[in-house]
Amino acid sequence: MNTLSYKTISANKETAKKEWVVVDASEQVVGRLASKVAKLLRGKYKPNFTPHADCGDNVIIINAAKVVFTGKKETDKVYTRYTGYPGGQRFNTPAQLRQKEGGIDKMLRHAVKGMLPKGPLGRSLMNNLFIYEGTEHKQEAQQPKAIDINQYK
């Protein structure tokens, strides 16, 4: 019996095969899109997934301005931030954030970040996420592959 064939292979930063993928966020529900993007960033759709290593893909989200919320979340959901000063709690709804510069980027990053591991690995995975409100992006040189996010579970 050849025991070498039964060895578990763990991926690390050097052996991971990272790809560049483009996800079109048009008419996608924010939470469902974020969970699938988090799995792509993590590498959970790959056969050589390793929990402690960054073996996921670099994800480019285009048309982020066209994401939707279900129900009344557009007006009722509240994002809270704190300025650091007494009485400095600030509240925004998704409808208010859409009006601000970079607000849609903040909404999607907030949703994806909550679905990634907490700690150094999760923070480094967030650097692999690129969000653009329109159809144009700056990562053309990486020759990203366009994928249909609806095919993933």
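## What surrounds helix α1

Let's start with the neighbours of one helix. The buried residues of α1 are covered by elements that include β1 (20-24), β2 (58-62), α4 (103-113), α5 (120-126), β5 (129-131) and β6 (145-147). Please keep in mind that this is a predicted model.

Which residues of α1 are buried? They are Val30, Leu33, Ala34, Lys36, Val37, Ala38, Leu40, Leu41 and Arg42.

## Length and end of the helix

Helix α1 takes in residues 30-42, which is 13 residues. At 1.5 Å a residue the helix should span 18 Å, and its end C-alpha atoms are indeed 18 Å apart, so the two values agree. Just after α1 comes Gly43, with a positive phi near 95°.

## Meeting helix α4

Two packed helices are described by the angle between their axes and the distance between those axes. For α1 and α4, the angle is about 60° and the axes lie 8 Å apart. That angle makes α1 oblique to α4, and the crossing of α1 past α4 is right-handed.

On the α1 side, the contact is made by Val30, Leu33, Ala34, Val37, Ala38 and Leu41, while α4 brings in Leu108, Ala111 and Val112. Sorted by kind, the residues of this contact are nine nonpolar, no polar and no charged.

## A look at Gly31

Gly31 also sits in helix α1. With a relative accessible area of 35%, Gly31 counts as partly exposed. Its C-alpha atom is separated by 9.4 Å from that of Thr70, although Gly31 and Thr70 are 39 residues apart along the chain.

Notes:
Residues are numbered from 1 along each chain as its sequence is written. This is a predicted model: local features need pLDDT of at least 70, side-chain atom pairs count only at pLDDT 80 or more; totals for chains, interfaces and linings use all residues. Side-chain values use heavy atoms; hydrogens and water are left out. Helices (H or I, at least four residues) and strands (E, at least two) are DSSP runs, numbered from the N terminus. The expected span of a helix is 1.5 Å times one less than its number of residues. Buried means under 20% relative accessible area, exposed over 50%, partly exposed in between (1.4 Å probe, protein chains only). Contact means heavy atoms within 4.5 Å. Axes are lines fitted to C-alpha atoms, for helices over the stretch in contact, and angles run from 0 to 180 degrees between N-to-C directions. Angles under 35 degrees count as roughly parallel, over 145 as roughly antiparallel, 65 to 115 as roughly perpendicular and the rest as oblique. A crossing is left-handed if the near helix is turned anticlockwise from the far one by less than a right angle, and right-handed if clockwise. Ala, Val, Leu, Ile, Met, Phe, Trp, Tyr, Cys and Pro count as nonpolar, Asp, Glu, Lys and Arg as charged, and the others, Gly among them, as polar.
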